[in-house]
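User: I've got a model open on my screen and I'd like to talk through how it's put together. Can you walk me through it?

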Amino acid sequence: MNIDLSIVGPAFVTGLVVLASHVPLGRRVLERGIVFLDLAVAQLAATGAVAVHLLDIEKEWAVQLGALAAALLGAFALYGCERRWPRFQEALIGATFVVSASLVMLLLAGSPHGGEHLQDVLAGQLLWVTWEQIALAAAASAGVLILWRTLRDRLGAGLFYGLFAVAVTVSVQLVGVYLVFASLILPALVATRRGLAVGYLAGAVGYAVGLAVSALLDLPAGPSAVCGLAVASAAFGVGVRAR
Amino acid sequence: MTRLLIALTLVLAAPFAQATVRVFTCEPEWEALARELGGDRVEVYAATTAQQDPHRIQARPSLIAQLRQADLLVCTGADLEAGWLPVLLRQARNPTVQPGQPGHFLAADSVRLLEVPTTLDRAEGDVHPQGNPHIQVDPRRIATVAAALGRRLAEIDAANAAVFGARTDDFLKRWRAAIARWERQAASLRGKRFVVQHAEWVYLFDWLGIQTAGAIEPKPGLPPAAGHLAALKAQLASRRADGIVRSPLGDPKAVEWLAAETGLPVIELPQTVGATADAGSLFALFDAILGRLSDGRR
């Protein structure tokens, strides 16, 4: 099996688009100590999508709106919690994740459809991404980055939670929950020690190595990329001692 | 000069060399069938193994690469692969195997499906709105699919049409003889009642005259609710079943629980070729199914 660029190429570009917004957001996440926020937000987006489906609304834009609305509502609720009970923030985030995951199952148990395919609505699979989806995601990433750079000093934490919800809702549908988490946290760990540029580099190398291995050994692309990010971040992160 | 002549001959003879039809199958049962009907005139690739649930798969690079080169796609259809086949077809961008082309063969199109929802009421809808797609456990339907697949192979590769025709006729002759033998063997199973884990044995039971005494997990992926299990247990107390049937894919915990509560024997059946060690071919699959049902073996 050789590396067919037409198959893993779009996957690599998707990874770069996701990294563009996720590395700077990830650094903030690490600073604030709310590492599992993306799992909670991604799961809330899934709950929103399922709820829209259960109202018998099949239109794609309505599903996206439902997912985004749920993610934003949840993100801002968690922002409110951070202001009132900062010591419990990590616990509240974890609780949000498991409760909303369970809610999805309860909602689907009552549905005659069983939601067999809905479980995968926000699973995302890297190899299935189309160029149209990449273009839309790139636009969203650019929007998030621009707003973040220009407005963050004025709007602070509220803006962070809002942009975070948008970024994660878009990316989780492309690459799945685990790869969103890995893209958010692993290169950010490198960036914290060695700066943003090295963080981006570690992310890009991680995706490249992971996808190359998946092509050579015919393994699932998403999990391979996660492992690639881990290896690359370890290599870049511990290469030079922090001064 | 001699070398040049030899090279020229080889180049000119190349188009007349034996070409193979590249077949991309979604499930192991169709891989086995394609090999039976095609022999050495086909190269077959299976997207899933017998150990995987065909409802969903993990995307691997070879899936796209293989579908891109395929001349013929053979899948079950009836929305069984609806979770991944449409995106895969789109990513592969192979015009030969797109829906509507001769290179796109869905087994379910050739046979009559069971459990087709008759009402448009969404409350009656279930996981498979076109009907139950698990047709591979009824050998009569496999025969119908085999005849259609043999014709399609001949249509795609007209040069080898005679070969495919002969192989299909030979397969059908052996298969029909085997069906007669299996029906004699299974005569004692008629009228028996089994609990199933998932709704994947409908066609097998339809063939053998077996009744479904209840389903443990009617919705794949969602654990059964307590009320449903209690109702099932009560139902079995009032009208006994002859056993619980499961495939190697299902979660054993729910089945073991019901077996402990009711004392019913658990029978594991291969749901496709290769699912168990004794189901290595299409013929062996039904030998194994009938053997295990008759013995009441685990």
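Analyst: Sure, here are some questions and answers on this predicted model.

User: Let's start with chain B. How many helices and strands does chain B have?

Analyst: Chain B runs to 298 residues, and 42% of them count as buried. Among its contacts between residues at least 6 apart in sequence, 62% join residues at least 24 apart. As for secondary structure, the tally for chain B is ten helices and eight strands.

User: In what order do the strands of the sheet with β1(B) to β4(B) sit?

Analyst: You can build it up from the pairings. β1(B) pairs with β2(B) in the parallel sense over five bridges, and three bridges join β1(B), residues 21–25, to β3(B), also parallel. On from there, β3(B) is joined by three bridges to β4(B), residues 104–106, again parallel. That gives an open sheet in the order β2-β1-β3-β4.

User: Which strands are at the edges of that sheet, and what is the average twist?

Analyst: An edge strand pairs on one side only, and here that goes for β2 (42–46) and β4 of chain B. From one strand to the next, the twist averages 20°.

User: Which residue is the bridge partner of B:Val74 in β4(B)?

Analyst: It helps to go across the sheet residue by residue. B:Val23 has B:Val44 as its bridge partner in β2(B), while B:Phe24 has B:Leu73 in β3(B). For B:Val74, the partner in β4(B) is B:Phe105.

User: And β3(B) itself: are its residues B:Leu72, B:Leu73, B:Val74 and B:Cys75 buried or exposed?

Analyst: Their side chains alternate: B:Leu72 and B:Val74 point one way from the strand, and B:Leu73 and B:Cys75 point the other way. Whichever way they point, all of them are buried.

User: Now the other sheet in chain B, the one with β5 to β8. Which strands are its edges?

Analyst: This is an open sheet of four strands with parallel pairing, in the order β6-β5-β7-β8. Its twist averages 35° from one strand to the next. Pairing on one side only, the edge strands are β6 (211–215) and β8 (266–268) of chain B.

User: Which residue stands opposite B:Val195 in β7(B)?

Analyst: β5 (residues 193–196) and β7 (residues 243–246) of chain B run parallel and are joined by three bridges. Across that pairing, the residue opposite B:Val195 is B:Ile244.

User: Which strands does helix α9 of chain B lie across?

Analyst: α9 covers residues 252–262 of chain B, and it runs at about 175° to β7(B). The strands it lies across are β5, β7 and β8 of chain B.

User: Over to chain A. How are α1(A) and α5(A) oriented to each other?

Analyst: α1 is residues 5–32 and α5 is residues 131–175 of chain A; their axes come within 9 Å and cross at roughly 15°. The crossing is left-handed, and the contact residues divide into 19 nonpolar, five polar and one charged. Since angles under 35 degrees count as roughly parallel, α1(A) and α5(A) are roughly parallel to each other.

User: Why is α2(A) called oblique to α3(A)?

Analyst: α2 (residues 37–54) and α3 (residues 60–84) of chain A pack at an angle of about 140°, with their axes 7 Å apart. The roughly antiparallel class takes angles over 145, and 65 to 115 is roughly perpendicular, so the rest, including this one, count as oblique. That makes the relation of α2(A) to α3(A) oblique.

User: What is the make-up of the contact between α2(A) and α3(A)?

Analyst: The crossing is right-handed. Among the residues making the contact are A:Ala40, A:Leu44 and A:Gly48 of α2(A) and A:Gly66, A:Ala70 and A:Gly74 of α3(A). By class, they divide into 16 nonpolar, five polar and no charged.

User: Last one: why does A:Ile3 count as partly exposed?

Analyst: A:Ile3 sits in the segment before α1 of chain A. Leaving aside neighbours within four places in sequence, A:Ile3 is in contact with A:Val8, A:Ala212, A:Ala215 and A:Leu216, and its C-alpha is 9.7 Å from that of A:Asp218, 215 residues apart along the chain. A buried residue needs 20 or more other C-beta atoms within 10 Å, and an exposed one has 12 or fewer. A:Ile3 has 14, so it falls in between and is partly exposed.

Notes: Residues are numbered from 1 along each chain as its sequence is written. Chains are lettered from A and ligands numbered from 1 in the order in which they are written. This is a predicted model: local features need pLDDT of at least 70, side-chain atom pairs count only at pLDDT 80 or more; totals for chains, interfaces and linings use all residues. Two strands pair if DSSP finds at least two bridges between them. Helices (H or I, at least four residues) and strands (E, at least two) are DSSP runs, numbered from the N terminus. Axes are lines fitted to C-alpha atoms, for helices over the stretch in contact, and angles run from 0 to 180 degrees between N-to-C directions. Two residues are in contact if their C-beta atoms, placed from the backbone, lie within 7 Å. A crossing is left-handed if the near helix is turned anticlockwise from the far one by less than a right angle, and right-handed if clockwise. Ala, Val, Leu, Ile, Met, Phe, Trp, Tyr, Cys and Pro count as nonpolar, Asp, Glu, Lys and Arg as charged, and the others, Gly among them, as polar.
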